[in-house]
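Please consider the following structure together with its sequence. The account is intended to be read with both in view.

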Amino acid sequence: MKAGIATLGCKVNQYESQAMMDMLCSNGFEQAADGQQADVFIVNSCTVTATGDKKVRQTVRRARRENPGAVIILTGCMPQAFPEECEAIEEADIIIGNSNRSGLLDCIDQFMHTHQRIIDIKPHGSQYGSESSISGMNERTRAYIKIEDGCNRFCTYCIIPYARGRVRSRSIEDILAESQRIGKKYREVVLVGINLSAYGSDIGTDLLQAVRTAASAEGIERVRLGSLEPDLTPDELIDGLAKEPKFCPQFHLAIQSGCDETLKRMNRHYDTSQFRHVCDKIRATFDNPSITTDIMVGFAGETQEEFDRSLSFAREIGFARAHVFAYSRRKGTRADTFPDQVDEHIKSLRSEAMIKATADSAAQFLRSQVGKKVKILAEREVEPGVFDGYTENYTPAHICGNDLCGRIIDAIVVSVGDGFVICKAI
């Protein structure tokens, strides 16, 4: 039988989709090729925004049209956070949450025997689940390893604690075992989680130990981290990471706003002074690091003065890359009920201004890379004899050569292209 999957959302979702596909393939299924009809089709959902929910519904309906005889399964964050809304999506035969994907095979078997719709959404437990495990990522030169789930922070705009539950960390032993499997195929791993910075807080370990564990696996040459919380990135962690030779100095620190008043309304647990300190510490500790971020504009109550402060702060930090997005009201969150919601037209204007400012700093960062010696993990051949990939600090790069995919190449940056650097092999 053929199995297909559509993944919406973050790196954690991508990892979990791979884990589900691995589970199916180890139990007699084959992954459907592009354009091939599936017997079982999974939609792994994201529910960060209301727009995301709309996309989930569209994806489920498209899956039904393109696979008319298939068992359609809806899972992920949307069913966990909004079970009643998902129950109304009639095209889904099986609806399960994030908490009980280990029962996926049983649900498929039951539906095929009874043809009775299954809706099974259980509350999250207090410990990290054992069902998630992979040996690689399809058609990727790097693999993700999920080491943490859940979040305790309850930012006022965010539904994720309701979709993912509280912080639950994967054991060091389990991380080592998966890293060893990954190391047989891949040179680079990215450790990911819903609140990655909180890793280990519930089991008596920490993120630095997780990095060292992944780096110890044979075959692994580079280790990266997903998104970090500024207030959970102490000097001791930065110093420890700098001593791990396989750690890649790319730090994604989600600022969300460069205005302290806005950060308070968001219930973020830091201010701009603390964020600035973390950035200064990173740049003083590492040789040629990159700092990337997420920035929200138009949050409830954001005045023009507050936005101007956020814009000025973004320019001051000089991010290597930034994901800029307008605040979207989310049912079930505190911010949805806040007064002084910002007009959509004003959000659009602020997005344009922030995108321009961060694009300028990104271009400046690329120019700063010229002349530096780097190591590129080549990913794919974009034109004959030209490969793209990423340097240690996750700068997009192009390099000429033959048969470079999956290899790490010593190079020097010679110039800047359109959103990437051009390198010459040493």
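The paragraphs below treat a barrel of strands, a pair of helices and a pocket, in that order.

The coordinates come from a predicted model. Within this model, a closed barrel of 5 strands runs in the order β15-β16-β17-β19-β18, and its pairing is mixed. From one strand to the next, the twist averages 50°. As background, the strands of a sheet pair through backbone hydrogen bonds, in either a parallel or an antiparallel manner.

The barrel may be followed from β15. Strand β15 covers residues 373-383 and strand β16 covers residues 386-390; the two pair in the antiparallel sense over 5 bridges. Two of the residue pairs can be located directly: Arg380 has Asp388 of β16 as its bridge partner, and Ala378 stands opposite Gly389 of β16. β15 and β16 also form a hairpin, with 2 residues between them. In the turn of this hairpin, Gly385 has a positive phi of about 80°.

Strand β15 pairs with β18 as well, again in the antiparallel sense and over 5 bridges. Here Ile376 has Ile409 in β18 as its bridge partner. Strand β18 comprises residues 408-416, and Ile408 belongs to it. Which residues does Ile408 contact, leaving aside its neighbours within four places in sequence? They are Arg187, Glu221, Arg222, Lys375, Ile376 and Leu377. Ile376 thus appears both as a contact of Ile408 and as the bridge partner of Ile409. By way of reference, the C-alpha atoms of Ile408 and Leu237 are separated by 26 Å, and these residues lie 171 residues apart along the chain.

Strand β18 is in turn paired with β19, in the antiparallel sense and over 5 bridges. Ile412 stands opposite Lys424 of β19 in this pairing. The two strands form a hairpin with 4 residues between them, and Gly419 in its turn has a positive phi of about 90°. The parallel sense appears between strand β17 (residues 396-400) and strand β19 (residues 421-425), which are joined over 3 bridges. In β19, Val421 is the residue that Ala397 stands opposite.

Attention may now pass to a pair of helices. In general, two packed helices are described by the angle between their axes and by the distance between the axes. Helix α11 (residues 272-285) packs with helix α12 (residues 304-317) at an angle of about 10°, and their axes are 11 Å apart. Angles under 35 degrees count as roughly parallel, and α11 and α12 are therefore roughly parallel to each other. On the side of α11, the contact is made by Thr272, Phe275, Arg276, Cys279 and Arg283; on the side of α12, it is made by Phe313, Glu316 and Ile317. By class, the contact has 4 nonpolar, 1 polar and 3 charged residues.

The final feature is the second largest pocket, in which about 700 Å³ of space lies. Its lining is formed by 27 residues, and Ile5, Ala6, Gln31, Ala32 and Asp34 lie nearest its centre. The elements that give two or more residues to this lining are β1 (2-7), α1 (11-25) and α2 (50-66). Of the elements, β1 gives the most to the lining, with 5 residues. In terms of chemical character, the lining of this pocket divides into 10 nonpolar, 12 polar and 5 charged residues.

Terms used: Residues are numbered from 1 along each chain as its sequence is written. This is a predicted model: local features need pLDDT of at least 70, side-chain atom pairs count only at pLDDT 80 or more; totals for chains, interfaces and linings use all residues. Side-chain values use heavy atoms; hydrogens and water are left out. On a 1 Å grid over the protein atoms alone, a cavity is a set of points where a 1.4 Å probe fits but cannot get out, and a pocket is an open set with protein on both sides within 12 Å along at least five of seven lines; lining residues have an atom within 4 Å of a point. Grid points are joined across faces, edges and corners, and a volume is the space filled by probe spheres set on the points. Ala, Val, Leu, Ile, Met, Phe, Trp, Tyr, Cys and Pro count as nonpolar, Asp, Glu, Lys and Arg as charged, and the others, Gly among them, as polar. Two strands pair if DSSP finds at least two bridges between them. Axes are lines fitted to C-alpha atoms, for helices over the stretch in contact, and angles run from 0 to 180 degrees between N-to-C directions. Contact means heavy atoms within 4.5 Å. Angles under 35 degrees count as roughly parallel, over 145 as roughly antiparallel, 65 to 115 as roughly perpendicular and the rest as oblique.
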